[in-house]
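Work through these exercises with the structure open. Try each task before reading its solution.

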Amino acid sequence: MVWVEITSTISTICIGCLLFPEIVHIRKRKSSAGLSLNCILWWHLACLLVIPFLIVREVNFIIITQWIVFHLASTVIELQIYLYSYRKPNQFRIFALFLVITALCIGIGALLWALFSFYFPDWLVSLVGGIFSAVCLAIGFIPQMYVMVKEKTGDGFSYGLIFLDIVGASFGIIAIVLESESGTLDWSVIASYIVLIVFEVFIFILKAFVFIPKPNTESVLL
């Protein structure tokens with residue numbers, strides 16, 4: 001179906017690229033202040049669970065691609081947080097860490113795929129790959145919102161990230177609904193998208209209407 005391809009592509013462009021404004025945001029400020037490392041780590045874990053889950057569920061590969069890119073971007077941000085925590089970081093060590101983390105995640109993803117495909121019953125696959133991955137995303141938002149409230153700033157999240165997340169998740173839901181046969185929609189597949197929309201809307205409200213930056217702020221809002 002052409003509409004499945006179109007909505008999948010829009011979702012993938014948004015979700016796959018949603019952390020790149022954040023990467024630029026951190027680089028311009030040369031600081032990761034306002035962004036919770038725990039948030040990114042929980043999101044990273046969600047990616048590790050959802051990628052093999054979507055492969056087993058035979059979801060459109062375009063949709064799967066967005067989570068792979070999201071995983072790589074999460075790794076970059078984790079290393080940015082490490083980078084700006086030290087005055088003279090070792091560039092070679094950072095690159096080596098990126099390769100090690102990526103290789104480790106590929107190994108974990110392959111193991112989960114094998115478990116989902118050959119050992120776990122269907123209900124457990126949905127629980128671990130679909131529901132628990134969505135829970136990980138939700139947990140990731142909690143420390144970020146705590147940081148925002150504690151520091152009274154929304155600088156840790158760029159508007160670009162929020163916009164891409166909401167649009168990407170919305171089109172992801174549409175794509176999966178269109179692709180599913182009538183009456184056979186697996187709600188565990190779209191659970192992560194629902195979590196993204198709910199929490200990003202809440203963070204937008206905090207950033208735009210509660211923690212309004214002062215006119216002389218040095219914040220860079222994308």
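**Exercise 1.** How many disulfides does the count come to?

Solution. The model is predicted. Start with the rule: a disulfide needs two cysteine sulfur atoms within 2.5 Å. Next, take Cys 105. Its closest cysteine sulfur belongs to Cys 47, at 9.1 Å, so that pair is too far apart for a bond. The count over the model comes to zero disulfides.

**Exercise 2.** Is Cys 105 buried or exposed? Decide the same for Cys 136.

Solution. Buried means under 20% relative accessible area. Cys 105 has 10%, so Cys 105 is buried. Cys 136 has 0%, so Cys 136 counts as buried.

**Exercise 3.** Describe the surroundings of Ser 74, using its helix, accessibility and contacts.

Solution. First, place the residue: Ser 74 lies in helix α4, residues 61-83. Second, check accessibility. At 1%, Ser 74 counts as buried. Third, look beyond the neighbours within four places in sequence: Ser 74 contacts Leu 19, Ile 40 and His 44. Fourth, follow its side chain, which reaches the backbone oxygen of Phe 70 at 2.9 Å. Last, compare sequence with space. Trp 42 is 32 residues away in sequence, yet the two C-alpha atoms are 9.9 Å apart.

**Exercise 4.** Trace helix α6 from its span to the residue just after it.

Solution. Helix α6 covers residues 122-151, 30 residues in total. From first C-alpha to last it reaches 43 Å, close to the expected 44 Å. Now find the bend: a kink of about 30° is centred on Phe 132. Finally, step past the end. Just after α6, Lys 152 takes a positive phi of about 50°.

Methods: Residues are numbered from 1 along each chain as its sequence is written. This is a predicted model: local features need pLDDT of at least 70, side-chain atom pairs count only at pLDDT 80 or more; totals for chains, interfaces and linings use all residues. Side-chain values use heavy atoms; hydrogens and water are left out. Helices (H or I, at least four residues) and strands (E, at least two) are DSSP runs, numbered from the N terminus. The expected span of a helix is 1.5 Å times one less than its number of residues. The bend at a residue is the angle between axes fitted to the seven residues ending there and the seven starting there. Buried means under 20% relative accessible area, exposed over 50%, partly exposed in between (1.4 Å probe, protein chains only). Contact means heavy atoms within 4.5 Å. A polar contact is a pair of N or O atoms within 3.5 Å; within protein, one must be able to donate a hydrogen and the other to accept it, and residues adjacent in sequence count only if both atoms are side-chain atoms.
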